[in-house]
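Q: Please take a close look at one helix and at the empty space beside it. I would like a single connected account.

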Amino acid sequence: MKIDNVFDIIFSMENLYGALEDASKKRRYNKDVLAFTENTYDNLEKIRQEVYNGTYTIEKYFIFYVYEPKKRMIMSIQFRHRFVQWAIYRVINPILVSGYIEDSYGCIPDRGALKAVLRLSYWVDSGKYTFYLKLDISKYFYRVSHRVLKRILAKKIKDKRLMALLEGIIDCKHTPFGLPPGRSPGEVPLSERLFDVGMPIGNLMSQTFANVYLDVLDQFCKRVLQIHCYVRYMDDIIILSNSKQQLTEWKTRIDAFVEEELELQLNQKTCIRPVNQGIEFVGYRVWPGRLTLRKRTTLHMKRVLTVKREAYRVKKITLKDANDTLQNYMGMIKHCNCDALKESIINNFVLTHEEKGEDNGRDCRFA
């Protein structure tokens, strides 16, 4: 389906108010959100004038690093730019998603990591497949070609005003996102980063662009190679087969396609292994008849719950905030063979309000 004549819909007041609501979720009391909503109508009108007269540009990104565990550079933008991306996303993403394959799960409403791993687990549990191919794209977000991305988008989007706006988001003139081939984020200072490749991790539109980019690979694998058991969550891809030779042939063709058509490379983590050794995927480990959490996922979960427990103790978050986090994790665990982990987490997640060493509120325990 081609996307055309949507620019006026994106920047209609109705969609802008909806985008403002989406962009403000869990941020409503942030300083930049409060400043923007102090005079909402005028700020919306100002943005509309900028995009319609062609003067809208993204201002400088804020840059910080996270370690999970490898070093990643995260780039964030001012709220007004996040809001514009939400306005675009609300209109075009549902149209783009309608063209994706069924087994693409990353950053797609009503899909997500849990559904992706349950789909993979379903195939593994069938007992029909003895080998898997794990595809790992080298530095995916840092190596996406702007030229290729714009070419892919141009095939889907015929609205010239929208394409001009998206190209301005992709080709940021003041902040380079890309890494030279074979380099890691921690090795490359900002002064040596590239302007013609890469997307800012953390941007809403980067998630959309990432899916559009690899949808080309999805279609090749499903339509040309006729692969049945293929599941993708962003740049994590697993393929199952009963033939190691078949997987080897697919790997060779996919490797060439990724390099020639997408200007990317598979890295050394790409491998073919027996299914009975277990498959690591989106924070889980999938075995025939068994699903567990990866050790790294478990440790991250415990760290987050410790932080939430302390935040509740000093009254920085509400009981609902703390419980929501716990229930999200319980939703992950309930599909796994992790009874001991579940019991340990529940027993240790005791919430209290304390001041000067005294317990001024009742203990709260959750099941």
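A: What follows describes helix 8, then the largest cavity, and then a pocket.

This is a predicted model, in which local features need pLDDT of at least 70 and side-chain atom pairs count only at pLDDT 80 or more, while totals for chains, interfaces and linings use all residues. Residues are numbered from 1 along each chain as its sequence is written, and side-chain values use heavy atoms, with hydrogens and water left out.

Helix 8 spans residues 146-156; helices here are DSSP runs of H or I with at least four residues, numbered from the N terminus. Its N-terminal end is capped by Ser145, which places a side-chain oxygen 3.4 Å from the backbone nitrogen of Arg147; such a polar contact is a pair of N or O atoms within 3.5 Å, where one must be able to donate a hydrogen and the other to accept it, and residues adjacent in sequence count only if both atoms are side-chain atoms. Within the helix, His146, Val148, Leu149, Ile152 and Leu153 are buried, that is, under 20% relative accessible area with a 1.4 Å probe and protein chains only. Viewed down the axis of helix 8, these buried residues fall within an arc of 165 degrees, so they line one face of the helix; the arc is taken from the directions from the helix axis to the C-beta atoms. The buried residues pack against helix 9 (160-170), helix 10 (204-224) and helix 11 (244-261), with contact meaning heavy atoms within 4.5 Å.

Two of these buried residues, His146 and Leu149, also belong to the lining of the largest cavity, together with Ile169, Ile170, Phe177, Gly198, Met199, Pro200, Asn203, Met205, Ser206 and Phe209. A cavity is a set of points on a 1 Å grid over the protein atoms alone where a 1.4 Å probe fits but cannot get out, and lining residues have an atom within 4 Å of a point. The whole structure holds 1 cavity of 30 Å³ or more, and about 60 Å³ of space lies in the largest one. Helix 8, helix 9 and helix 10 each supply at least two lining residues, with helix 10 giving the most, 3 residues. By class, the lining comprises 8 nonpolar, 4 polar and no charged residues.

Helix 9 also gives the most to the lining of the second largest pocket, with 5 residues; a pocket is an open set of points with protein on both sides within 12 Å along at least five of seven lines. This pocket has about 290 Å³ of space.

Methods
Buried means under 20% relative accessible area, exposed over 50%, partly exposed in between (1.4 Å probe, protein chains only). Grid points are joined across faces, edges and corners, and a volume is the space filled by probe spheres set on the points. Ala, Val, Leu, Ile, Met, Phe, Trp, Tyr, Cys and Pro count as nonpolar, Asp, Glu, Lys and Arg as charged, and the others, Gly among them, as polar.
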